[in-house]
Amino acid sequence: LTLLADGPGIPETVLPRLAWLRTMGIAVVPALSVTAATGATGGDVVEVLGVDPVGDPSARDYQLAPSGGGARGLLGIFELDGVPVTEPFADRHGLAVGGPLPLVANGVERRMKVAGILRPAGAARAASGSVVFADIATVQEAFGRPGLLDRIDLVLPAGMPPELRDR
């Protein structure tokens, strides 16, 4: 199930009101998506997906590529301005772990750092691989969306009884 924003976004303050769902085994997974361009002029369009690095794996699957930076690859999302990128995206733009990734949205350039490289599987297949991932707070601050989300995924546990699922 997915709750989508109607208007400028879902205030983060909604999340504590959904905490009761966790008592039923339901994962509450917030996200924020921003469309950006690579580089200052004429860059490719890329989707920047702000995720909760702790809760998001319950909703989306991430797999490091062989060149993905090892164990630090996925943990790099916790670093300031660290973004895991997809392998196809890294290949098209000549990116490597630790290198810069300038992103432009709403006329403002923000320099991110490639924290890891993901295989084109699971969430990394979105937008033909033209997607980068970051911590929600990083995306909110970098792209002027403080305190806002644009979706909350509710992941039901396998085997949830129909009478609970239908509530």
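Buried means under 20% relative accessible area, exposed over 50%, and partly exposed in between (1.4 Å probe, protein chains only). The structure is a predicted model, in which local features need pLDDT of at least 70, side-chain atom pairs count only at pLDDT 80 or more, and totals for chains, interfaces and linings use all residues. Residues are numbered from 1 along each chain as its sequence is written, and side-chain values use heavy atoms, with hydrogens and water left out.

**Exercise 1.** Determine where confidence is lowest and where it is highest in the chain.

*Solution.* Step one: pLDDT is the predictor's confidence in each residue, from 0 to 100. The chain average is 82, and 77% of the residues score at least 70. Step two: the elements are DSSP runs numbered from the N terminus, namely helices (H or I, at least four residues) and strands (E, at least two). The chain has five helices and ten strands. Step three: the lowest confidence belongs to helix α2 (residues 71-75), with a mean of 57, and the highest to strand β9 (residues 148-149), with 96.

**Exercise 2.** Locate Pro157 and classify its exposure.

*Solution.* Step one: the loop between β10 (151-155) and α5 (162-165) contains Pro157. Step two: Pro157 counts as partly exposed because its relative accessibility is 30%. For the chain of 167 residues, 46% count as buried.

**Exercise 3.** Identify the residues that Pro157 contacts beyond its neighbours within four places in sequence.

*Solution.* Step one: a contact requires heavy atoms within 4.5 Å. Step two: Pro157 touches Met24, Gly25 and Ile26 in this sense. Step three: Ala27 is 130 residues from Pro157 in sequence, yet their C-alpha atoms are 7.9 Å apart in space.
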